[in-house]
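Biologist: I would like to learn how to read a fold from its coordinates. Could we take it one feature at a time?

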Amino acid sequence: MTSSCEADAVHNVLLISFDGFRWDYYKKANNLTNIHRMIADGGWAVNGTKNVFITKTLPNHFTMVTGLYEETHGIVGNVMYDPVFNATYYGMNTTIQSESRWYTGEPIWVTNQRQRTDYRSGCVCWPSSGAVLEGFRPYQHIPWKTAEDFPYKERFKTAVKWFTDHENPTNLVLVYIDNPDIIGHTFGPDSDELIHELLVLDEALGYLFDLLIDEDLLKKTDIILTSDHGMASIPKDDSYKIDLTKYLTPGTYFVTDTSPTAGIFPTSPEFEDAIFHNLSSIQHAKVYRKANIPTEFHFKNNRRTPPIVVIPEEHYWCSDNNTYIAGNHGYSNDVADMHPFFAAMGPSFKKGSKVMTFNSVDVYPMLCAILGLKPAPNNGSMDVVAELLVDRLKENTGSTFGTYIFILIVGGLVSGVFAVAACQVQRQLRRRRYQSHPIHKLPKSMMIVPSSGKEDAVIGLLSDMSDEEF
Ligand SMILES: [Zn+2]
C-alpha cells in the first residue's frame, strides 16, 4: 500500500475535533456556512460516525487516532481504576493524562513520524498527545488548555504556522477544541446557547480557511472535522435521576465514570453479589457484571473495566452525589444522539461524496491511506470510508487487496504443482503472510488485557472529581 500511496502524500492533513459535536448539529442553524461548506465540498457521513463505548472523551479520542477499541487501547473511561497499578486515571489531569503506562497502541502522530523521517506531526491540545507513545512524541505539541488560556482561532493559527515552517514543517496537525461539549453539558443540546456556540465555532473554522487561503494551502490540505461523541438532553425532572446511594451500602463500593453510565467497584469481592442484586432492581437501566457486558461494545476485556456497569436508557442518569447537568454523554454507542459529526475536504476527498455512517475505528486507517502510510494493527476497515476518497486513493486500496488475493492464489498454485520440492519455501511464504496480517501482528502488549482478578485489592478511594465536563 505504501509504495503507491507515497507519491500522493505531498499535501498536509489537518484533523480537527470539536468535542461533543453531535452528528446532526449542522442542522441547528442555516448560517453555519463553513461547516456546510465542508459537507458540500468533500466527503460526509450523513448520520455521523458510530463511536465506541463508553461514549466519553478520552476513550473516543484515543480510538480515533489509533483505530483500536477501548478494551484494546486501555482507555476505558475518563476516570478509571487500574487494579495492577493500584492507581486511578483522571483524564482531566494533564500530568496523569501524559503518563505513557496507561496507553496501548500507536496513534497517527507516531505512525506519521515513525515511517517517514521527513514527516512531522503536531498536536494542539489533543487529548493524550502529551504522553511518549511507542517511543515517540509529536514533533510539535501544545498541551491541553482552556479556551480562555488558548483561544480557538489561535489554535488554528498555530496549526498553519507549523505547516508553513520553513525549516521543519509539519505535514500532519491535530487540533482539539473543547466545545460545543462544555456548552452542551451546561445548557443542553437544544439550547439557544448551544446554537450561539456553534456559530462561534463556525466562525473559527472560517478563520482557518482564510489563513490557509492566504498561504495558498487550502487546496493542498485535507481538513477532517469530526468529534468524539454527541450529547443527550437530561430532563430536570428527578424521575430521570438514578440515585445510586439508594441502592448501595456506603463503604462497600466506589464508582468510576459516574454519570450517566456508572462503573461500580466493590471494595471487597464478598460485596459484589449483593451490589449486583440491589442494582438489578433499577428501572430504565441495564446492569451488567463485567463478563456479561455485550461483546459488541468491545469494552469488557480489559482489567480496568469495572466489575459492574450500569448503563441507563438515554436521558436517564446515574448519580453518586452528582449535581444535575442539562446535557450528557456516555450512553451506549447504539444511541444515535451519542454519534459524532464527520465531514472532510481536500485533495484526498471526493467532492460531494457521502456514506450513511461508518465506525470511528475507521478514521485511523483512513488517515494512513491519505498520508500514504502503512497502518499499525487496528480494528478499523477501509471498506466504507474508501467511498469518500478520490479515485486514485480508492485504486490504491483496491490494488492492495487485489495484490493480496493474487499472492494467495499464486501461493496456492505453487504449493499444488511443486508440492514436494517447494514445500519448505511455501511454508516460509505462508508464515511471512501470516505474520504480516494485522490480526496476527498485534504485539503482546496490544493483546486484550485479561482480568487480573485483583479487583478485591482495591484500597484507594476515588476522589470526588467530576468527569461531567468532558
Ligand atoms: Zn468529549
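Modeller: Gladly! Keep in mind that this is a predicted model. Let's begin with helix H7, where the buried residues are Tyr152, Arg155, Phe156, Ala159, Val160, Trp162 and Phe163.

Biologist: Why do those residues end up on the same side of H7?

Modeller: The general idea first: an α-helix has 3.6 residues a turn, so residues three or four places apart point the same way. Here, the buried residues of H7 cover an arc of only 160 degrees around the axis, and therefore sit on the same side of the helix.

Biologist: What do the buried residues of H7 pack against?

Modeller: Their partners are E1, E6, E7, E8 and H9. Helix H7 (residues 152-163) lies across E1, strand E6 (121-124), E7 and E8, and runs at about 175 degrees to E8. As for its length, H7 has 12 residues and reaches 17 Å from its first C-alpha to its last, close to the 16 Å expected at 1.5 Å a residue.

Biologist: Those strands must be part of a sheet. In what order do its strands come?

Modeller: The order is E7-E6-E8-E1-E9-E18-E2-E19, an open sheet of eight strands with mixed pairing. To find the edges, look for strands that pair on one side only: these are strand E7 (140-142) and strand E19 (353-355). From one strand to the next, the twist averages 10 degrees.

Biologist: Let's look inside that sheet. Is strand E1 enclosed or open to the outside?

Modeller: Count its buried residues; the cut-off for buried is 20 or more other C-beta atoms within 10 Å. Seven of the seven residues of E1 (residues 12-18) are buried, so this strand is largely enclosed by the rest of the structure. Asn12, Leu14, Ile16 and Phe18 point one way, Val13, Leu15 and Ser17 point the other way, and all are buried.

Biologist: Which strands does E1 pair with, and in what sense?

Modeller: E1 pairs with E9 in the parallel sense over six bridges; there, Ser17 has Thr226 as its bridge partner. With strand E8 (residues 172-177), E1 also pairs in the parallel sense over six bridges, and the partner of Leu14 in E8 is Val173. Toward the edge strand E19, strand E2 shows parallel pairing as well, over three bridges, with Trp44 partnered by Lys354.

Biologist: Now a second helix, please. Which residues of H2 are buried?

Modeller: In H2 (residues 33-41), Ile35, Met38 and Ile39 are buried. Seen down the axis of H2, they fall within an arc of 100 degrees, so they line one face of the helix. The elements they pack against are strand E2 (43-45), helix H9 (192-214), strand E9 (221-226) and strand E18 (342-345).

Biologist: How do I describe the way H2 packs against H9?

Modeller: Give the angle and the distance: H2 and H9 pack at about 65 degrees, with their axes 7 Å apart. Then list who meets whom: Thr33, Asn34 and Ile35 in H2 meet Asp202, Leu205, Gly206 and Phe209 in H9. By class, this contact has three nonpolar, three polar and one charged residues.

Biologist: What other sheet could I practise on?

Modeller: Try the four-stranded open sheet with the order E12-E13-E15-E14, where the pairing is antiparallel. Its edge strands are strand E12 (253-256) and strand E14 (285-289). Neighbouring strands are turned by 25 degrees against each other on average, direction ignored. Helix H10 (residues 272-279) packs on this sheet and touches E12, E13, E14 and strand E15 (308-312), its direction making about 10 degrees with that of E15. Within the sheet, E12 and strand E13 (residues 262-266) pair over four bridges, and Tyr253 has Pro266 as its bridge partner.

Biologist: And the loops? Is Glu296 buried or exposed?

Modeller: Glu296 lies in the loop between E14 and E15. It counts as exposed because it has 10 C-beta neighbours inside 10 Å. Glu296 and Val52 are 244 residues apart in sequence, yet 9.6 Å apart in space, C-alpha to C-alpha.

Biologist: How would you sum up the whole protein?

Modeller: The protein has 14 helices and 20 strands, and 49% of its 470 residues count as buried. Among contacts with a separation of 6 or more, 75% come from residues 24 or more positions apart.

Conventions: Residues are numbered from 1 along each chain as its sequence is written. This is a predicted model: local features need pLDDT of at least 70, side-chain atom pairs count only at pLDDT 80 or more; totals for chains, interfaces and linings use all residues. A residue is buried if 20 or more other C-beta atoms lie within 10 Å of its own, exposed if 12 or fewer, and partly exposed in between; C-beta atoms are placed from the backbone. Helices (H or I, at least four residues) and strands (E, at least two) are DSSP runs, numbered from the N terminus. The arc is that of the directions from the helix axis to the C-beta atoms. Two residues are in contact if their C-beta atoms, placed from the backbone, lie within 7 Å. Two strands pair if DSSP finds at least two bridges between them. Axes are lines fitted to C-alpha atoms, for helices over the stretch in contact, and angles run from 0 to 180 degrees between N-to-C directions. Ala, Val, Leu, Ile, Met, Phe, Trp, Tyr, Cys and Pro count as nonpolar, Asp, Glu, Lys and Arg as charged, and the others, Gly among them, as polar. The expected span of a helix is 1.5 Å times one less than its number of residues.
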